[in-house]
Amino acid sequence: MRKVEKQRNKKNNSITLITLVIAIIVLLILAGVTIATLTGESGREYTIGANGNISEPILSNIVATMKIEGEKVENPPMPSSDFTHTEGTVDDGYVIQDADGNEFVWVPVDKNQKIRINVTSKSGNIESISLIDPYGDEIPLTDTDNLGTSYSNEEIEPTTNGIYKLTVTAGEEKKEIELKVNSLYAQRMWELEQLTDEIARMKGYEDLDDFIQNWFRMPEGTTVEEAKEMIASSYKNGMYADTEDYTKSINDNGGFYIGRYEASYKDENAVSKVSTVANTSPALENGKLWNNILQTDALSYANSMYTSTEFTSSLLTGAAWDRTLSWLEETGAVTIEEIVVDSKSWGNYSDDTFSNTTSLINTGSMTQTEKNHIYDMVGNLFEWTTEASTTDYRVYRGRLLWLRWLWFSSL
């Protein structure tokens, strides 16, 4: 679905003014909450009505916080002395280049990430506390017998990216909070984030039921909760499992490098450079974007790009692809809507908003496709991964066929 351009007329000017007023109200609310925190008060909640009226503060007797923390790598490891840092930072894309001019970008994954929970009840003992993971399963919590009026846990192992839900009860009161985790090297259930009425309408469907039955090909009558369970089950039971697992290496090093460009061909090898030939013919020539390649061949060329004992090159895993997109969202390079709803503003498609072409473009040739120094993450070519749902079926990302790779240092 395309975004509709705003018309510059008085009606839109009035809408802009209303938006500004609402923004000011929200800022005032946030300022009030901040002041309350600074003065030692807590558990204050507000409700904003449809007319913009703000309710009197509701004082909650349960104060709960949940956050994720890990160790950030400030200086990414170099795979070998053949690589040099050329531009960018760990926050906006740390770019390295080998002696032959191949370029890669560091995607950070904090080390030893833990979910931290702190709960206090001001009116009696905590009766129950539970933490649900993005799959809908309960994460066992330690020291929950005889809770008393407070509970703290700093060592919860997150299992996957997604929404974690904490529920606390004390007396007649119940408190629920959510934590969105993007920062793990793990599959992210992007499909679940699309199961909303707003996303359904943005994608051009009548309602959520219409969206579920047509976008996800769910049987008629499938409820939202049933759809979520089926999607979560497909992840949990390994449908999207990768053929190789680099989790330990990535945690030890604090991230991984991804090819800055879609792979192109040079002298029977794959390279990560700006391409010079974008045609779709099967014939290979130096500088040509490498499409029309089998997944098994793509994996072979990716593995053989480097034969060093210090690090490994490989085809992207599904988890690495997901973490890269999550990192782009996390840094503000793109929005969640520009990932799961409409990526025509930064991906080359036949109907994108910038290229004025229905054909391939050379990777690295248009700044609109560059996010955090990575080019053509969406659009232009389909991108093979190591991900598989069955022995015979491999998973690709993007548009058309392509090859990109990543490597993991074995420091």
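Which helix gives the most to the lining of the second largest pocket? In this predicted model, the contribution of helix H5 ranks highest, with 6 residues. The space within the second largest pocket amounts to about 790 Å³. Its lining comprises 28 residues, of which Pro134, Ile163, Lys165, Leu192 and Lys228 are the closest to the pocket centre. At least two lining residues come from each of S10, S11, helix H2 (190-193), helix H3 (197-202), helix H5 (224-236) and helix H9 (337-340).

Strands S10 and S11, which both contribute to this lining, also belong to an open sheet of 3 strands. The strand order is S8-S10-S11, and the pairing is antiparallel. Strand S8 (128-132) and strand S11 (173-181) form the edges, each pairing on one side only. On average, neighbouring strands of the sheet are turned by 10 degrees against each other, direction ignored. Between S8 and strand S10 (residues 162-170), which run antiparallel, there are 5 bridges. Serine 128 has threonine 169 of S10 as its bridge partner.

Aromatic contacts were examined next. The structure contains 13 aromatic pairs. One of them joins tyrosine 205 and phenylalanine 211, whose ring centres are 5.3 Å apart; the pair is classed as tilted because the planes stand at 45 degrees. With a relative accessibility of 21%, tyrosine 205 is partly exposed, since the buried class is limited to values under 20%. Phenylalanine 211, by contrast, has a relative accessible area of 0% and is therefore buried.

A further pair consists of tyrosine 261 and tyrosine 375, with ring centres 5.4 Å apart and planes at 15 degrees, so that the arrangement is stacked. This pair connects distant parts of the chain: tyrosine 261 lies in the loop between strand S12 (255-259) and strand S13 (264-266), whereas tyrosine 375 lies in strand S17 (residues 374-375), 114 residues apart. Tyrosine 261 and tyrosine 375 are both buried. Elsewhere, ring pairs connect Phe83, Phe104, Tyr306 and Phe311 into a cluster.

Charged side chains are also placed over aromatic rings. Arginine 188 lies over the face of tryptophan 190, 4.0 Å from the ring centre. In a second case, the charged end of lysine 203 is positioned over the ring of tryptophan 215, at 3.8 Å from its centre.

Methods
Residues are numbered from 1 along each chain as its sequence is written. This is a predicted model: local features need pLDDT of at least 70, side-chain atom pairs count only at pLDDT 80 or more; totals for chains, interfaces and linings use all residues. Side-chain values use heavy atoms; hydrogens and water are left out. Two strands pair if DSSP finds at least two bridges between them. Helices (H or I, at least four residues) and strands (E, at least two) are DSSP runs, numbered from the N terminus. Axes are lines fitted to C-alpha atoms, for helices over the stretch in contact, and angles run from 0 to 180 degrees between N-to-C directions. Rings of Phe, Tyr and Trp (its six-membered ring) pair if their centres lie within 6.5 Å; planes under 30 degrees apart count as stacked, over 60 as edge-to-face and the rest as tilted. Buried means under 20% relative accessible area, exposed over 50%, partly exposed in between (1.4 Å probe, protein chains only). A charge sits over a ring if NZ of Lys or CZ of Arg is within 6 Å of the ring centre and within 35 degrees of the ring normal. On a 1 Å grid over the protein atoms alone, a cavity is a set of points where a 1.4 Å probe fits but cannot get out, and a pocket is an open set with protein on both sides within 12 Å along at least five of seven lines; lining residues have an atom within 4 Å of a point. Grid points are joined across faces, edges and corners, and a volume is the space filled by probe spheres set on the points.
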